[in-house]
Every structure is written in structure tokens, then in C-alpha cells.
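Subject: Structure handover

Hello,

Here is the structure I promised to pass on. Please open it alongside this email.

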Amino acid sequence: MIEKLKQVEERYNEIGKKLCLPEIAADVETCTKLLKEQKSLSPVVEKFREYKKNAEELDSAKEMLSDALDDKELKAMITEEIETLRANTEKNLEELKILLLPKDENDDRNVIIEIRAGAGGEESALFAGVLFRMYSMYAEAKGFKTEVMYANETGLGGYKEISFTINGDGAYSRFKFESGVHRVQRIPVTESNGKIQTSTVTVAVLPEAGEVEVQINPADLQIDTFRSSGAGGQHINKTESAIRITHIPTGTVVECQDERSQYKNKDKAMKVLRSRLLQREREKQQNDISGQRRLQVGTGDRSERIRTYNYPQGRVTDHRIGLTLYKIEAILNGSLDELIDALITSDTAEKLKNAE
């Protein structure tokens, strides 16, 4: 591992020298690429340098201990320092192991989230709205920007379906474990006899794909326009600005009706289509790899029940890691860090275990 860390540091230093060259500084594409690589290597290099500093101080302290002779008080002080430095170097090594784990290439991307009502009728649609609000509030707290792409609203303010983008550095890394079936247990607002009902909502999380990654033949697309529908908005049902794109080879259908401009709706719909096709291709590749390891936190499959929100008990349980938190109100108001950090920790632990 130390040899690998030395190579990382050498590459980091090499990038620093290259960025100082006038010809590199004038080449925007190359400069941007090098800066991105430098940024990705920086945490590893900083931690490695901290490790080397502690290791050097540890060696010096050991030499001092051998030179201390019969000075018991000095020996005690040096021994204490040695124990501290040894603990620090061991901690540094564990942190470096984590930093050297293969990174998810999608972690820094923007994310597209699609929420659909499942079992439970109107109650399910209402909870889809609750989840949209939860994710929007969490995104805002993280400094991310949320933008609705398509929404099919119900009369009571819920959603049969809503898709939206969350834009920001590292957005996918924070939302990627939300894919799956979210189950809610509560007394519906539409229920008069006070019985607890169980409903489900499905969530799909996709990293936003770039144009270069997914080449789409225009001849493979069927593009239809239609009038926007839904509650509110002066432009609703006035012009055919909404867009429906069908990718004929795969049967993938994407709709966008949020913008008044047909061009903007088409642009947004193409982003979603590219992301769905990229995800489809990745899933195919993973299925082709025999013995593919299932993530500790689940496959992200929409058919997999991942979490239960129980209103009467005030609890939220994530079934993948067995974590229950009795703070449902705070979580539904966007306080998701404790849940998400626990999922990331579990996934990291599983990767470390498989790397041994």
C-alpha cells in the first residue's frame, strides 16, 4: 500500500508541475482535466503526508527512548508520546485504506430522481409528495438546486409521478442509496375510521448522463407534443409545449412539461432519456458479470423494499442496514444526513471487507 501511495504522491507532484507550464495553462481542456485529477488525488496525498510526518516523529521518539538511559521521568514522557504517535499512524493507515478504495465514477454528478406512487391509491400519491418535499429540503440544506422535470399531480396535492433533477457537486453520492420501495404506515387523511394503512412509493435515482456517453440516433426517436396538465399555472392547457419522447428500440418513454418553452422541455427530456439508457446499459453489464457483489445496502432495484416510515411510532427503519431512528418528523423535513452517512459507512465497510 505504501508503494501505491508513493506513486499517487508522485503523480500529484507531476500534475502540479504541469499546471505551471504556459502551454498547459493555455489549453483549457487539458488544464481542466488535470485540475480535476489533482482535486481527486488531494485528500489521499494530504493524508499520506500526515502519515509520513507521524511515522517520522515515531521513529525519532523511539531513538530518544533508547538514549534516555536511566531517566525514568523522561522515559515515561517519551513512552506516552510513542503510544500517541503509534495510534495516530495506525489511524492514518486505516483512513488511507478507505481513501484508496475505488471511487464511484458517478459520485460527483448531478442526479435525476423519479418518484412514483405504488400500492395505496391516493394515500400513496400523497406520500410521493411527502418524499419529494423531503428530498427538496435536504437538497436545499446541502446547497444543491432542485428542478422539476415532470409532474402528474392528483386532486389532493399528491403525485402519481414526479421526476426532478438535483444539481450540485456530489449530488449523486448523497442520493444514490435512495432507489427502491419506500413504505409508509399511517392513518390516511382520507380515512374516517382511523385505521392504519400501509402504502408504497417507488424511487429511482439516476446519475445524469452526458451527451458524449450516450449517442442517440434521432431516427430512433418519436417526439410528440401535447398540452401541459395539472393544477395551477397560467400556461396550463394553453399551448402544446409539453414533450413526450419515445426511444423506439428500447420502448423508453420520457415526458417533460415543466417549462413553457417546447425547446427547453425537449432538452430536459433528452437529459432524462440519456440517463435512463446509460443506467440500462450499466445494469446489463453488471448482470453479465458472474458473481457480481451485491452492495451491502442493496441493489438499488425499485422492487426492493428499503425503508419504512411508521407515523404512529414516529420511527423510520432502513431495512438494508437494520437502522431505526425515532425522529420521523425531522427526517421528513430533510434531516437525512444520519441515515445517508450510515448507508455510506456500511457500504464502505463492505468494500473494505471485499478488498482484504
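Below is what was found, from the whole chain down to one lysine.

Please keep in mind that this is a predicted model.

The chain overall

The chain has 356 residues, and 42% of them count as buried. It holds nine helices and 11 strands. The exposed surface comes to about 19900 Å². Carbon and sulfur atoms supply 49% of that area. Contacts reach far along the sequence: of those between residues at least 6 apart, 63% join residues at least 24 apart.

The eight-stranded sheet

Eight strands make up an open sheet with mixed pairing. Their order is 2-3-1-5-4-9-10-11. Strand 2 (145-153) and strand 11 (323-325) are the edges. Each has a single partner strand, so one side of each lacks a neighbour in the sheet. From one strand to the next, the twist averages 15°.

Look inside this sheet at strands 4 and 5. Strand 4 covers 180-186, and strand 5 covers 197-207. The two run antiparallel and are joined by seven bridges. One position to check is R183, whose bridge partner in strand 5 is T200.

The three-stranded sheet

There is also an open sheet of three strands, ordered 6-7-8. Its pairing is antiparallel. Strand 6 (221-226) and strand 8 (252-256) are the edge strands, each pairing on one side only. Here the twist averages 15° from one strand to the next.

Strand 7 spans residues 242-247. Five bridges tie strand 7 to strand 8, and the two run antiparallel. As an example, T246 has V253 in strand 8 as its bridge partner.

K176

One residue deserves a separate look. Where does K176 sit? K176 lies in the loop between helix 6 (171-175) and strand 4. Is K176 buried or exposed? K176 has a relative accessible area of 15%, and buried means under 20%, so this lysine counts as buried.

What does the K176 side chain meet there? A polar contact of 2.9 Å links the side chains of K176 and D107. Setting aside neighbours within four places in sequence, K176 is in contact with D104, D107 and V205. D107 therefore appears both in the polar contact and in that contact list, while V205 falls within the residue range 197-207 of strand 5.

Over to you.

Best wishes

How values were computed: Residues are numbered from 1 along each chain as its sequence is written. This is a predicted model: local features need pLDDT of at least 70, side-chain atom pairs count only at pLDDT 80 or more; totals for chains, interfaces and linings use all residues. Side-chain values use heavy atoms; hydrogens and water are left out. Two strands pair if DSSP finds at least two bridges between them. Helices (H or I, at least four residues) and strands (E, at least two) are DSSP runs, numbered from the N terminus. Axes are lines fitted to C-alpha atoms, for helices over the stretch in contact, and angles run from 0 to 180 degrees between N-to-C directions. Buried means under 20% relative accessible area, exposed over 50%, partly exposed in between (1.4 Å probe, protein chains only). Contact means heavy atoms within 4.5 Å. Accessible areas come from the Shrake-Rupley method with a 1.4 Å probe; for residues, only the protein chains shown count as cover. A polar contact is a pair of N or O atoms within 3.5 Å; within protein, one must be able to donate a hydrogen and the other to accept it, and residues adjacent in sequence count only if both atoms are side-chain atoms.
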